[in-house]
Every structure is written in structure tokens, then in C-alpha cells.
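These are my notebook entries on a structure that I looked through element by element. I recorded sheets, packing helices and two single residues.

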Amino acid sequence: MIKKFLLLVVFLSIFSITGCSSDKNKRDGKIKIVASNWIGFTPLLYAYEKGKLEALNVEVIVTNSLQSSLIMYEKNNYDGICSTQKELTYLNQNNKDHLPVIVFDRSYGGDVILSNIPKEELYKNKCKKVDVFLEKNSVNEILFEVFKKLKNWSADFSIIDINQYNISRFEFESNTKVPKLIITYEPHASKLKQKGFYLIESTKNDKFLVFDFLSVKKGSLKKDEIYELQKIVNDSILKLKQDPKSFYETVKIYFGDTSYDEFISSLDQIQFFDRDRKGYMIDLIQKEKVLKKIEYIKEQ
Amino acid sequence: MKKLFILILLFSLPLFAKPANKLYKVVVLEDWKPYYFLDENKKPKGYAVELFEKLASNIGLNYEYVIVDSWKEADRLMKEKKVDIIPNMGVALKRTEYITFTQPTDVFEVELFKHKSLTEIRTVKDIKKHSVGVVLKNVCISLITEDIAQTKILFQNYHRALAALNDNEVDILCYPKPLVNLSIKELNLENIEPLGEPLKVIKRALGVVKGEEHLLDLMDKEILRLKGNGEYQRIYNKWFGIHKDIEMDFEQLSLIILALGVIVLLIAYYIRQKKWILTKKELEQKVKEQTLKIEKNLSELKNTTLLYEKEKNKFKNMFKTHGSIMLLIEPVSGRIIDVNESALKFYGYSNDEFLQMKISQINMLDAEEIFKKTSRAKENIQNRFEFPHRLKNGLIKTVEVYTSPVETEDGMVLFSIIKDITEQKRLQNRIIEQKEEFETIFNYAKDGIAVVDLQTNFLNCNRAFIELTGYSKEELLGKSCNDLTIISDREENQNAIRKAIEKGHVDNLEKSCIVNGRHITVNMSISLLPDKKTLLFIIKDITSLKIIQEQAKLISMGEMIGNIAHQWRQPLNVISMSASSLILKTLKKNISEEDIQKFSNTIVKQTNYLSNTIDNFRNFIKGDRRYLNISIKEVIRETLSLVGATLESNYIVLITDLDDDMFITGNKSELSQALINIINNAKDSMIDNEEGNEKLLFISTKKLDDNTIELKIVDSGGGIESGIIDRIFEPYFTTKHQSVGTGIGLSMVEQIIRERHKGTITVHNEEYRYNNKHYKGACFNIVFKITGQE
């Protein structure tokens, strides 16, 4: 009886000590990767839904936008983030050592520059005062910077920071003579085109490069785990090509009301990093200096 | 009685009615605790299942379960009539197309739960920039739009989402309230608390597919019965209240009680050893002290609260009653959230009307423009704006708006102070228009205009000035007036400027300048401008006028020589005759001393007369420029000495009436020139007029009052034609042949009288009688002001 009592006291003491401390993020020892529900990241979501990441002890935290992913990543000190090169550059500027380990896709017409003035007229006049609507600290800025550089256009660009969610709801006056540039992506771009805006440039042009990557913090995944993860994602991409319907059924919970047809048509706006395109895409990444560290990408 | 029996039977039938012996398919979810879940034997359990089973048993329903994994699937089966009943489901309008619901069995609120550490989150409005967790396939997916929160995290299941909230991985969780409340109680999650503001209230009920509505009556009655007898409440409490099945053997329980008892004893002993247990007196004292302390703290807290309330009210009153127009605007939607009394008065809307409005209903700019400006204000890039604002009565006012972002309890708002500047703007525009008008006049004036400082440096000049001087504007702005003046005139120039500064202005300065190697003559006036710091120069190029004046003078001199010839003829004759008589009498040797004296005197007298005539002529030609105090009578007399003989030779009778005399400040030579001009015109008109009447010239002076004198010159030349009489003082206007007149004569007369002698000159035709004869002629009236007496 005394033995049992002493055991109980010891147990209670240990419980009271250990109960006070916990590492909230490493509590379950999982590798946490944050990804938005962007179509380009669906191979990872597919693998997650199918339970293929369990062996690697990887959990995916799914957000509604790149910006949200970045917020969550910084707030919770996660291990990996699915993003474009813009967010990756930002993270590395803040003294964080991130390694791009997987390329998912390249935006292929999904990101666009629109204007209320037709392209020929816009380039001919090169007005001195232009209103630019974009979301700051987002991929929009990549397009705009390339645009200015390529067109050698030094005007008084008045930047108006507008959330992409608001951009398609906003009542732009398309018929005013003041030139406007609207930098956006699908599905907002289609809605604006219906309102009379003209397509000026898009990521179909090899100069306007936007890639989607998975980057992880150095040391969060071992080399063989990275290769395993690459294999899982590559398999998911293959599955999408072979059986898109089944792929869609697995990931559709992340898309709200998006139908299968809409899902298929949205695939036209990106090019997945598959076996056929690997060489070409790596060349582009190197040529246009999209990334500095590509040792893992080359192995994908 | 028979009828009553039949009636009772009819009403009682449903009570005895039992559903047909059909096997109903009942759809349930495999995991939607506590409504539906599967126990370890894969048998459906949960609140909805237990309630349904109770109800089915009471009404004798045969059924079997169809288990699905999602609401979407359950919905599809109901829609396709592959199942008949669902025990519990949200009542939604779109579902009523294929499902008929019983009366609600329960309701639940969809609620937001937050991590306790986030004290700044108080209402739904505060969560915009926070991360909100939602569970896939849950109603919250569509409820949390980006208007509510921008960062949305999609969790695979409720438990993962709950854990994320508890660990503050996400800030907020959106989920049905009863389920989260149950989890909080059961798992003792102290980090989670509800926001207390339901996002949506969902009624839940039992549903049957269309075609099976006959079951509803029975089910509704049974639900009522269960609610009435407390059975329903028991089931509800079982699943949603605190419910723990504690199963513990007695030995374990005894052990825990014993252990706790020992711990308490050990602690008491330890405290006693440390003298932490106080005597009753000490305790009372301690309690008293603590009570006083608490009362003091409470009092301070109350005072602080009162002070806070007072300050709050003070600022609220300041806002509400301030004389400036003030608005509070929600920056994203543009909704007006508060206004003060000045705003109500200015715009004409009531407070309630305002609170239903957006700023775009007042601001006349297009929505995009307002958005851009609002964004700038929000980010503190720009805070002052000018907008056209529409009042309720339709009037558009120009307003100056100072807008700043202000943090409030409800988040960031835009605080705008508005000033009506419509009138100010109108005046500004008027001033701008006037300025443009004056600039146009300034630039297009034919006279040269320049503004100089008191050191005579050029500050501005117009085009005519530039053309006149031959310098560019830039060159002029680096120069002084003196640089443009010939050296000999500089002192005179300085004197004129000094005079202008002292007296306010100087007129009719004639100056010679050299422009591009060409001599020009300008007439200049200088005025001291009201700021007393600058001078206005107005110059007129009178070079061509001067040349014509000189030509006119030469013509006058030609005429003068004619006059002299006439004037000298008679005295020369007298001299000649006197000399001849002297010679003749000498030759005849009958000359007496008396004769010599007489003829010599005559010759001397005539020679003096000739000498005087020459002096008058020379004075006229020399043109003494001095302006002195002169007698009008003297001027007329001298003029007549020059032209008298000519008049005589043309048989013109001169009638003078010069009784009145006055002194004026003037120049004899100029005035004589003017009078000669008038007299010559009169002479010419009388020569031309061949009507046979006598040629009469009347010259008279008459005091009009103590200060003015009128000089009147009337001829009998027939008068001036009515069509031209109003134009005779215009430069270059002449009725004479080119060889006779230059057209400068009378215009120069007018200039001499009006500008240089401050007099007036008018002309009209006059008809009069003289020596019983009727005459008509031109009458020149010249009026001078008296300036003094010699």
C-alpha cells in the first residue's frame, strides 16, 4: 500500500513538472509544410489526402492564399512552405536559410498584366503617368518589375495596393483615358477581361517567369527524405496526367465549388514540372536566375 | 350523439395509425460527433441517432441504416431518393425541394472561438488580419469570406483544427458552437473561449424525402411528446451537457483520497513550521488590512473608470458638438459610421440616414478615384483632399477634407474633418480669371509697361516694352532703368523717379533713348504702386508723332515767314518812304532839322517794331520749354503780333475782347503754336468760303468764375461739317489737301491744351449776327484753370 502511495506521489510530481512545458510546434514531432490551395500545389495535397506523407511524418497545413501561407509560416515557424520565388526571396532576405527542394509548376498564362488601353496603343504612347493596381509583396510585383525593365518604360507609376480578392469585385472604369495596368491572376483576370480590359502580357512569355516551389528549412528533412518527397510529388503529377478525374475527386474538397471542367481548364494556365519539361524548365530557372540553389531541383 | 362519436373516431385515427410495414432507409454519418458516429461495433450512435431510435420505437417504424462519410453524400442520397429519412440535418431552403422537415429538434449557432491570449479580438470585425481555421466540408468554409478574414486555414478534421486553436497555431476557429463547447468542457481546454457573436444560426430537424410526408404528422406529435415529458431534454443533456463516465475501482479511489490527505497534512505541517498559520487576532487584523486595501483599490478603480468615462464623454461631446464638420468612415466599405451635428446641418441628412450611407453617395468622384484617395489616406501618404460633395438638396459643394486613420475599439477608421471651401474656391477662380485677364491686357497693351523696384531694377515688363526697348525679357530683368537712359538724361530720370516716389506719380516725361542704334522719343509716366515698393513705368513711342510735330512746326514756320513778310511790308514801306523823303529834301536843300528829327524817329520806331517782331518769331521758333506763370492776354497779344498782318492782308477783320485776364502755369511758345493753328484754320476756312460776307475773327477772354477763364475764337467761315466735327482732334485727320495740311495741327492743339496745360478744348458751330448781318462759323472754346497771378 505504501509502495503504491509513493508511486502515486512520484507520478503526480512528474506529471506536474512535465505538464508545464511543451514545444507547441514540435509537440508531435511532425514536419509541417504550409501550402495554399492553388492548383499548382495540388500534387502535394493529393499525396496528403492519400496518406502518402504519413511515412515521412509530414503534415500539410492548407491555406487560402500565398499571403496566408507566408503569415502562417512565419507565425508558427513551420518547416516548409509552398510558394513562388517571390516569397522565397523574401524569406532568404530575412536571414532564413531555405532550400528549394521541389518544383511543382510554372505559371503559364495564369498571371497576367491587363490594361484599359489596347497593347499596341499602350506601347506606342508610353504615357508619363500610369496607375498600377497590384497586391504588394506578392507575385504581382515580379511581373511588374519585369514589365518595366523589358519595356524600358520610365513613367510616373502610381502604385495602388489592392488585395487580389478585391480586384475582380472592384468597379474599375475601363473607358477612362488614364492608362491603368492591373496585375492579377485567374480567376480574377477572366472577370476583368469580360469587363473590357485588354491582355498586355502574361506568364506564357518566357520573360515573365513565375515558378511554384516547395522550400524547406535546412536540416528539417534529411536528404533521402527530400528525395522520397520528390518521388511522391512526381507520382502525384503523373497520376494527374493519367487519371485526372480520380485526382480531382481526391483534392476537390480544397476548391469549394470548383467543378471538374473548371479544374481541367485551369490546368491550361500552368505547366507541371514533369519528365518531359524538366530539362527545359531547369534551363529557364538557370538562364533567368530564378533561383540560386538548385542542387535538389536538378535531382527531382 | 352518433355524429360526435364519428368525429372523435376521425380525430383519434392518427393516434392509432402506424406506418405501413415498410423498411425505411435511414442515412447517418459515420463521424459527426456528437450527432453521429460509429461505436467500436460500427453501430451508429450519437444524439441524432438516439433521438431517432426513441422516436422510431415509439411510432413503430421499421428501418435500417445507410452509413455515409459526408454531408454531401447524405444530401445526394436524399435527393436521389435512395434513402427515406435522415434523423438530423440543417434546415436549408434549397433542401426543401426534395426533403420535408419536421419541426426543429434543435438549433445550433455557428460561432467563432479564439485563443484566450488574443485579448485584442472582441468582435468579428477584429479578426480580419488574424488566421481563421475552418474544417473541410463544414459550413464555415463558405461563411468565412475574405471580407471577414484574409487568412483561412483548411483543416482536414475538427480535432486537428481544435488542437491548432488550443496551441495558438491559428488565432480563431469557426465551428458549430455546441460541438466546440462540448469539447472545451470534456477536454478542459482553458485556452479557448467563444467570441460571443454567432455567425449563423442553423435550425436542425428530422427530414423525410418527398413522398413520405405522411410520416411527418406522427413524428411531429412524437417530438412534441418527448419534449413534453422531459425525455428529449434528457437525451440532449446527455450529448451536449457535462457527461463523464467515471469508472474507477474502490482501491484506486481510496488510494487517491489517502494520497491527497497525506499531501494536505504535509503541506499544513510545513506551513505551520514556517509560521504561516496566523492567530485569530492576527488573521482578523490581516483581513481588515486586506479589506481596506481592496476597498482602496476598488475606489481607485472606480475613480479611474469614472475618469475614463468622463474623458470618453468629453471627446465624444467634442466630436458631436464641434463646429467643424466631422465624419468617421469605415475604410474598406466606405460606410459612414458616425457624424457630428455640424455634418447633419451641412449635408442635410438625418443621423439615421447617414448611418445607412457610404461615402461614395456624398463624394461625386467615381468609385475608383475614391478608393485610390481612401487608400492614400489609410496609409498616411496623403491627408488633405479637395472633393465635390453633394448635399441632400442636390447642391454640390467643394470641400477641403483632412482625413487620417485612427485606431478605435472597433478597428481602424478614417476620421475626416471637412471644410466648405465653395466660396473660397469661387473667389480663387475669379482671382485667377482676373489675373489672366490682367496678364492678357499687360501683355497685349500697345504701350510699354514695366514694373521696377525702388532701385529702378526691372522686375517685370510686357511685350510692348520689350519691343520698344529692343532687349529680351531676360536681359531687361538683369538691368536697371538707368542702363536704358542716355547718360545726359540720367539725372533727370532720377529726379523723375524721386518725384514719383514722393508724389505718387509723374506724367508726360519725354525721353530720348537709343535702341539698337536708333534714336527714339518716348512719352513716359511713372506711378508708385500701392505696395510702395515698386514703380510702374508706362512708355509710349512718340518718335513718329514727334517727327510729324516737327514737320507741322516747319509748316508753321513757313506760314510764319509769310506772316513776317506781311508784317514787315508796312514798316519797311514807312522806313523806305521816310528815307526817300530825307534824300529828296536834302537834294532840294530844303530839309530842316525838324524834318530830320521827324523822319529819323519814324525810322527808329519802325526798326524797333521790326526788331520786336523778330524777337517774337525767334522765341516761337526756339520754343522755350519752360512752364511758367503766364498771362493769357499776353500770349494772345504776342500771337496776334505774329499773325495780325496775315489776317489783314486777307481782309480779315479781327475783333478782340480781352478785358479779362488770368495767369496760368504754361508755356508761351506752345500756347502760341496752338492759337496760331486755330487762327490759321479759321483764316483758311474764311478764304475758302466765298459767300461774300465779311471775314470776321472774334477773340475774347471771359472769366467763368474765380478759378477758370474761357478763351473763345469764333470765325465766319461757315462752320465745320456736322459729319466731321467730332473727329477734328484725331491725329492725322484733315479736310485739307495733302499739300496744305498734315492732319496733325488740331490734334496737337488738343494735346497742348489738355495734356500740357490741364485745360479743355471743345468746338461747335455758332450762328450769330454782326452789324445786322447773319454769320456762321466755327467756335473754339478753351477753358484754363487759374494757377496764380504775376
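Before the entries on helix packing I note how angles are taken: axes are lines fitted to C-alpha atoms, and angles run from 0 to 180 degrees between N-to-C directions. I also keep in mind that this is a predicted model.

Entry 1. I looked up the sheet that contains strand 18 of chain B. This open sheet has five strands in the order 15-14-18-17-16 (chain B), and the pairing is antiparallel. I asked which strands stand at the edges. Strand 15 (336-339) and strand 16 (384-390) of chain B do; each has a single partner strand, so one side of each is left without a neighbour in the sheet. From one strand to the next, the twist averages 35 degrees.

Entry 2. I followed one pairing within this sheet. Strand 14 (residues 325-329) and strand 18 (residues 411-420) of chain B run antiparallel and are joined by five bridges. For M326(B), I found the bridge partner I417(B) in strand 18 of chain B.

Entry 3. I then turned to the helices. Helix 13 (residues 367-378) of chain B lies across strand 16, strand 17 (396-408) and strand 18 of chain B, and runs at about 110 degrees to strand 18 of chain B. Helix 14 (residues 422-444) of chain B packs on the sheet as well, touching strand 16, strand 17 and strand 18 of chain B. The direction of helix 14 makes about 125 degrees with that of strand 17 of chain B.

Entry 4. I examined another sheet. It is open, with five strands in the order 25-27-28-30-29 (chain B) and mixed pairing. Strand 25 (652-657) and strand 29 (760-770) of chain B are its edges; each has a single partner strand, so one side of each lacks a neighbour in the sheet. Here the twist averages 20 degrees from one strand to the next. Strand 29 pairs with strand 30 (residues 773-785) of chain B in the antiparallel sense over 11 bridges, and T760(B) stands opposite V783(B) in strand 30. Helix 23 (residues 745-756) of chain B packs on this sheet, touching strand 29 and strand 30, and its direction makes about 115 degrees with that of strand 29.

Entry 5. I asked whether L301(B) is buried or exposed. L301(B), in helix 10 (residues 280-321) of chain B, counts as exposed because its relative accessibility is 54%, and exposed means over 50%. With I294(B) and L298(B), L301(B) makes a nonpolar surface patch of about 300 Å².

Entry 6. Lastly I checked E59(A), which is found in strand 2 (residues 58-63) of chain A. E59(A) is buried, with a relative accessible area of 3%. Among the residues that E59(A) touches are K30(A), Y48(A) and R160(B).

Terms used:
Residues are numbered from 1 along each chain as its sequence is written. Chains are lettered from A and ligands numbered from 1 in the order in which they are written. This is a predicted model: local features need pLDDT of at least 70, side-chain atom pairs count only at pLDDT 80 or more; totals for chains, interfaces and linings use all residues. Side-chain values use heavy atoms; hydrogens and water are left out. Two strands pair if DSSP finds at least two bridges between them. Helices (H or I, at least four residues) and strands (E, at least two) are DSSP runs, numbered from the N terminus. Contact means heavy atoms within 4.5 Å. Patches are made of residues with over 30% relative accessible area and no salt bridge: like charges are joined within 9 Å, nonpolar side chains (Val, Leu, Ile, Met, Phe, Trp, Tyr) within 5 Å. Accessible areas come from the Shrake-Rupley method with a 1.4 Å probe; for residues, only the protein chains shown count as cover. A salt bridge is a side-chain nitrogen of Lys or Arg within 4 Å of a carboxyl oxygen of Asp or Glu. Buried means under 20% relative accessible area, exposed over 50%, partly exposed in between (1.4 Å probe, protein chains only). Lists of a residue's contacts leave out its neighbours within four places in sequence.
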